[in-house]
Amino acid sequence: SSSASSPIDDFLRCLSGKIPAEQVFTQSSSGFMAELTSSVQNPRFVTNATVRPACIVAASDASHVQAAVRCGRRSGVRLRVRSGGHDYEGLSYRAVRAETFAVLDLAGLRAVRVRAGDATAWVDSGATLGELYYAVGTANPGFAFPGGACSTVGVGGYLSGGGIGLMMRKFGIGADNVLDAMIVNANGELLDRGRMGEDLFWAIRGGGGESFGVVVSWRLKLSMVPPTVAVFTIAKTAGDGGGGDAAALLAKWETLILQPFLPDLTIRVVLQGRTALFQCLYLGSGGCARLAATMRAYFPELGMTASDCHDLTWLRAMAFISLGAADAPPEGMLRRTNNLGTYVKSKSDYVRRPMGAAAWSALFADHLASNNAGVLILEPHGGVVGAVIPDMATPYPHRAGVLYNIQYGVFWWGDAEGESSAAARRWLDALYAAMEAAVSGNPREAFVNYRDLDIGENAVVGGVTEYESARRWGERYFMGNFRRLAAVKGRVDPGDYFRNEQSIPPLLQPY
Ligand code: FDA
């Protein structure tokens, strides 16, 4: 009967008057599905079998976030926080097992306020990286922020997981450049760095989203770049023999990452089919002319010439990298898009020893060449990310000695589960198994922003996430920092209100 009040009814009643009614969507609202899918990047998590939120709260003010947390706690409704919706397992808007929860969507909390005077910016979590780049680059073409390659990624999740990209060799990862933040904790209080304390401020800069509270906004340190920077993209093919063979080039490329020390120069590589795409960003002075000379000195085998290269403002370089064309207008990075057509599964690794030409050749021959819907993205570390910032300064532990991160992705079309899905997963699993010998071990490192539930899921015992069950995946994402993250969680959210299948468990007593 309708007389018994459900937790969701209590939650909605509690929210009324605190959040405009048109910003709260229940499953029966006509706008529910449009709101739910607005930022979804993987249709695997919006099928009929998906465990969906009972309601979506679209916050446009910090007070809405506070109300959602307070009402959620009071009525026993958990929140899944969503900024840009790019989570690889969809954990910001779906649950793996049956559960009543609400999505707290921050897409409407997206202001970027650049303070040119001290080269800082406050950015709300719901802004995308593209919106951040646009505000930073138009405020002053000499400003930059080290974000990722994809402009639709949300700032909230990106920084919560550390945030890697083409500028980290020069400036560190995204989270290394956070100066302050505003967080709503499990009591619904809005706290800045001074009030949240240094241990919580440490944890939110790379300890993964969801676990510690809702980060509403971040104060960023902006870096300086020359008026123009240089970019190129060069495609090479594997198996054509000779010095230009992609496998031989990869073997040379991986020896350049740590020595000599060239933090201005980053070349990431995208492998698909028999093709290796070398994508370069050069942040030093002298632009393409200087870059061409550097390439001749260190990597002549790639055969880069001046005609491959573009001198662009940093903002236009970000548009080139994210949109793929040198004349791409930066406004294109303001477009928010979802993806409901292509299914994706991703995994990640870190490499600490060069693989060598034979292993690269085998990778192409045995795996990549047979599947055009598989992609590897190799993101070089070294430079500042590996050398200057200690492993413990922020939770991101993949630093000294790391050559590069590998992101594996496989795509399919048709159905979320079925023959094409099974074939894609088999291909990915075989590749991941074959890579074990070449990548880091004990633990086999993985990147929290490339979330992968294959490496483990939490067990909830007595209403609280169990520490031991979480160690299996947690030490792969955070290595020696995992225990410290759990201790912070134990202090700020001992009741484990903020949780998902891979949230940090509260460590209540010293182990
Ligand atoms: P989403 O909203 O799905 O949130 C991700 C997680 O963080 C969820 O657990 C969520 O609950 C939590 N969360 C979100 N906002 C929060 C907040 N304000 N406070 C607390 N918790 C919050 N990564 C990278 O480092 N470098 C890269 O170059 C790329 N490139 C890239 C390209 C593409 C196409 C995709 C799909 C993904 C990437 N990523 C990436 C990975 C990306 O950084 C990662 O998925 C982020 O978590 C996405 O952040 P969103 O806010 O978009 O995700």
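Here is a friendly exchange about a predicted model of a protein chain and its ligand.

Student: What should I know about numbering and confidence?
Tutor: Residues are numbered from 1 along each chain as its sequence is written. This is a predicted model, where local features need pLDDT of at least 70, side-chain atom pairs count only at pLDDT 80 or more, and totals for chains, interfaces and linings use all residues.

Student: How many helices and strands are in the protein chain?
Tutor: Elements here are DSSP runs numbered from the N terminus, with helices being H or I over at least four residues and strands E over at least two. On that basis the protein chain has 16 helices and 20 strands.

Student: Why does the radius of gyration agree with a compact globule?
Tutor: The radius is taken over C-alpha atoms, and the globule rule is 2.2 Å times the number of residues to the power 0.38. For 511 residues that rule gives a value near 24 Å, so the chain agrees with it at 23 Å.

Student: Which element gives the most residues to the shell around the ligand?
Tutor: A residue is near the ligand if its C-beta atom, placed from the backbone, lies within 6 Å of it. Of the 33 residues around the ligand, those that come nearest are Gly 84, Gly 148, Gly 154, Gly 157 and Gly 209. Strand 3 (78-82), helix 5 (155-160) and strand 10 (214-221) each give two or more residues. The most, four residues, come from helix 5.

Student: Which residues touch the most other members of the largest nonpolar core?
Tutor: Such a core is a set of buried Ala, Val, Leu, Ile, Met, Phe, Trp, Tyr and Cys residues joined through C-beta atoms within 7 Å. The largest one holds 154 residues, and the members touching the most others are Val 57 and Leu 104. Helix 11 (residues 314-323) gives the most to this core, with seven residues. The pair you asked about is Val 57 and Leu 104.

Student: Is Trp 413 buried or exposed?
Tutor: Trp 413 is found in the loop between strand 18 (404-412) and helix 14 (419-434). A residue is buried if 20 or more other C-beta atoms, placed from the backbone, lie within 10 Å of its own, exposed if 12 or fewer, and partly exposed in between. Trp 413 has 12 other C-beta atoms within 10 Å, so Trp 413 is exposed.

Student: Which residues is Trp 413 in contact with, leaving aside its neighbours within four places in sequence?
Tutor: Two residues are in contact if their C-beta atoms, placed from the backbone, lie within 7 Å. With neighbours within four places in sequence left aside, the contacts of Trp 413 are Thr 342, Tyr 343 and Ser 420.
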